[in-house]
Amino acid sequence: MAISAKAKRHAAKVVEHLRRAYPEAKCALDFRTPLELLVATILSAQCTDVRVNLVTKDLFAKYRTAADYARAPLERLEEAIQSTGFYHNKAKSIQGCCRTLLEKYDGRVPQDMDALVQLPGIGRKTANVVLGTAFSIPSGIVVDTHVARVSRRLGLTSQKDPVKIEQDLMERIPKQEWIDFGHRMIHHGRRVCAARKPNCPECPLNAICPKIGVDAQGDGGKRGQGDKGKRGRRELGRR
Ligand code: SF4
């Protein structure tokens, strides 16, 4: 279905407001190579970027190539990443990815969405992070939990499925903005439009945000504790 001119104008305003609010927003994961970003992104599932950066500081000093990960005893790798949580699955994904990189791509990370999503444990979100941030290729828009939530509140999508949300965003946001838009939305979701307490009164997008799904006053949890608690629980229940 064609996107209305009004919807595109609204999306353009969101892009502009985000650019002004967060001109320097970038990926919060530390990395020096595409492989390091791939590994850090796998580790970031259900884990804070701060924790991932702590873990990768030592990890990247010991594991420098895809072969290092591919040949490491799995238990050793698990031990190194344990504090990021879900370490059995993450270690398997990292090792599986690196073995495929060695077999098919000479140990390098391919610069191609179709190839990346064939790697074990890699979906569109991780592939978009790697392509956009390591290679500056606007393959799509990163849709994590922050981008999903903020996009719905801003009226850029009504979808819940990340692939459908990404589709809605790609139809509304100009391609040259996709990479920065993802970084800025994540930044905004973490610092202002938080899941339980969106800080609408101090939000740089307040004037243009329809606040869909946020309570009528959009007070961002700044009122009495009793009300706040109830609203917080209601919102948690919805998401
Ligand atoms: S006005 Fe409120 S709901 Fe809208 S983006 Fe800002 S914090 Fe989020």
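Q: What does buried mean for a residue such as Glu36?
A: A residue counts as buried when its relative accessible area is under 20%. This structure is a predicted model. In it, Glu36 has a relative accessible area of 7%, so Glu36 is buried.

Q: Which residue does Glu36 meet in a salt bridge?
A: Side chains of opposite charge can pair when their charged atoms come close. Here the partner of Glu36 is Arg32, at 2.7 Å from N to O. Arg32 has 59% relative accessibility and therefore counts as exposed.

Q: How many salt bridges does a search of the whole structure find?
A: The search finds eight salt bridges. One of the pairs is Arg19 with Glu16, 2.4 Å from N to O.

Q: Where do Arg19 and Glu16 lie along the chain?
A: Both belong to helix H1, which covers residues 5–21. Because they are three residues apart in that helix, about one helical turn separates them.

Q: Are these two residues buried, partly exposed or exposed?
A: Arg19, at 30% relative accessibility, counts as partly exposed. Glu16 is also partly exposed, at 29%.

Q: Which residue forms a salt bridge with Arg19 from a distant part of the chain?
A: Glu177 does, with the closest N and O atoms 2.7 Å apart. Glu177 sits in the loop between helix H10 (162–172) and helix H11 (178–191), while Arg19 is in helix H1, 158 residues apart. Glu177 has 13% relative accessibility and so counts as buried.

Q: Which residues are linked in a network of salt bridges?
A: The network links Glu16, Arg19, Arg20 and Glu177.

Notes
Residues numbered from 1 in each chain as written. Predicted model: local features only at pLDDT ≥ 70, side-chain atom pairs only at ≥ 80, totals over all residues. Heavy atoms only, no water. Salt bridge = Lys/Arg side-chain N within 4 Å of Asp/Glu carboxyl O. Helix = DSSP H or I, 4+ residues; strand = E, 2+ residues; numbered from the N terminus. Buried < 20%, exposed > 50% of the residue type's maximum accessible area, 1.4 Å probe, protein only.
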